[in-house]
Amino acid sequence: MAGFTLKTYPCVYIAKYDGQNWEGESIFNPHKSPEEEAQLSEKDSELLFNKRNNFLDLPLINYTTQYGLGCFEGLKAFPQKDGSFKIFRPDENAKRFKNSMEGLKMPGCPEELFLDGLKDFMVKNIELGFFPKYDENWEKDKYLSGHSIYVRPFSYSEAAIGLGLSKKPWVIMVATEVGAYFSSTSSKAVTTNKIRATKNGTGWIKCNANYVIPTLAKKEAEAEGYMEAIFLDHESQKYVEEGSSCNIFFRLKDNTLVTPALGETILPGITRKSIIQLAKDEGIKVEERKISIKEAMNEAKEVFVSGTAAGLTHIGSITHNGKTAKFGDEKIGELSLHLLEQLKGIQYGAIEDKHNWMFKL
Ligand SMILES: *Cc1c(COP(=O)(O)O)cnc(C)c1O
């Protein structure tokens, strides 16, 4: 089982702003027991999941489906050894989601509603038996093979045609089980000359529209045998900004950990923020600043990208203008692996959660 799939859990949260108030509830989509669902033929299983993904009385024509006016989040809950579940930094997602909605000039989902709704629909899925069971085998590889619940909250506009702003959006949350997100066999990255984000644009918002260009760039890179596309700044095409939908880090030969500073064109990743904290906790010098592709290729000894889906994925080499720089032996570096294990350890409850990042369900 890899990343996010369409095999969503039956319970979904849906909230609506009516112009004055937000009101939300958890609803149940067609389902059988988890055991029965596991026994279904491939065809019946597909029918069931299709039904589950075609359920709400949501308008077909609206600002989101027509003009990309929508935003989303991604967060995870982790099974703990004692049978409970903990969510990783949902308060941060709640805050960012509100900022994203307001950035798109629609009423922002209140953080409290986000957190209450999240808790409610997740507990309901768990009560139905839909959750990954804690497996002691995960301890053997420090949870790199661990499963978790991926939650995807997103906004959806009211019916509309013609350009306009959403005044009465929905907020919907769905969940699905995700397994270890093994990166493809390749860990090679290549720079793209496509532009993800510009000054005075929407680069800092986690919005649907921002995913168009990175998807094109990533698929282009994959077609050439690379795993990831790296975006450079739009003005000079000299400085590194992000991966295709993740933040990027460089461990330099002098052991400093460098990541591009946040700004209008860089998405404030929660994994990014957490990795910076974990590195600082270990006494590692962390710099949030501009880093040129030249410096990155000459001075880095470990490179990785970060995001909720993968946690931390190492980059073995970067190709830019026909030149390739390899990092270490192209395997995950020592510090990268250590930080990933720290993060996973905290998420699965094996390492002390010093910063109170984990919210109990
Ligand atoms: C979501 C996202 C990230 C990673 O954010 P996390 O909160 O760590 O998941 C990084 N870059 C972009 C462009 C993103 O959309």
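**Contacts, cores and ligand surroundings in the predicted model**

In this predicted model, the side chains of Glu295 and Arg289 are joined by a polar contact of 2.8 Å. Glu295 is placed in helix α8, which spans residues 293-299, and with a relative accessibility of 23% Glu295 is classed as partly exposed, because this value falls between the limits of 20% for buried and 50% for exposed residues. When neighbours within four places in sequence are left aside, the residues in contact with Glu295 are Leu252, Arg289 and Ala300, so that Arg289 appears both in this set and as the partner in the polar contact. Between Glu295 and Ser317 the separation is 22 residues in sequence, and their C-alpha atoms lie 14 Å apart in space.

A second polar contact between side chains involves Thr191 and His320, at 2.8 Å. Thr191 belongs to strand β7, formed by residues 188-192, and is counted as buried because its relative accessible area, 16%, is under the 20% limit. Apart from residues up to four places away in sequence, Thr191 touches Ile230, Leu232, Ile293, Ile318, Thr319, His320 and Asn321; His320, the polar partner of Thr191, is thus one of the residues that Thr191 touches.

The surroundings of Lys140 were examined in the same way. Lys140 is located in the loop between α5 and β5 and is exposed, with a relative accessibility of 69%, since this value is over the 50% limit. The side chain of Lys140 makes a polar contact of 2.7 Å with the side chain of Asn137. Lys140 and Lys354, which are 214 residues apart in sequence, are 23 Å apart in space when taken from C-alpha to C-alpha.

Around the ligand there are 14 residues, of which Lys206, Tyr211, Glu242, Thr271 and Thr308 come nearest. Sorted by class, this shell consists of four nonpolar, six polar and four charged residues. Polar atoms of both the backbone and the side chains lie close to the ligand in the following pairs: a ligand nitrogen atom is 3.5 Å from a polar backbone atom of Cys246, a ligand oxygen atom is 2.8 Å from a polar backbone atom of Ile270, and a ligand oxygen atom is 2.6 Å from an N or O atom in the side chain of Thr271. The ligand taken alone exposes 380 Å², of which the protein buries 96%.

With regard to nonpolar packing, the largest nonpolar core contains 31 residues, and within this core Leu118, Phe121, Ile149 and Val151 touch the most other members. Two or more residues are contributed to this core by each of β1 (11-17), β3 (75-79), β4 (85-88), α4 (90-103), α5 (111-127), β5 (148-156) and β6 (170-178), and among these elements α5 gives the most, with six residues. For Val151, the residues touched, not counting those up to four places away in sequence, are Glu73, Gly74, Leu75, Leu118, Phe121, Met122, Met173, Val174 and Ala175, a list that includes Leu118 and Phe121, themselves among the core members with the most contacts to other members. Apart from this core lies another, made up of 24 residues, including Phe78, Leu278, Ile284 and Leu339.

Note on methods. Residues numbered from 1 in each chain as written. Predicted model: local features only at pLDDT ≥ 70, side-chain atom pairs only at ≥ 80, totals over all residues. Heavy atoms only, no water. Helix = DSSP H or I, 4+ residues; strand = E, 2+ residues; numbered from the N terminus. Buried < 20%, exposed > 50% of the residue type's maximum accessible area, 1.4 Å probe, protein only. Polar contact = N/O pair within 3.5 Å; in protein donor to acceptor, adjacent residues only side chain to side chain. Contact = heavy atoms within 4.5 Å. Near = heavy atom within 4 Å. Areas by Shrake-Rupley, 256 points an atom, 1.4 Å probe, with all protein chains shown as cover. Nonpolar A, V, L, I, M, F, W, Y, C, P; charged D, E, K, R; others polar. Core = buried A, V, L, I, M, F, W, Y, C linked by side-chain atoms within 4.5 Å.
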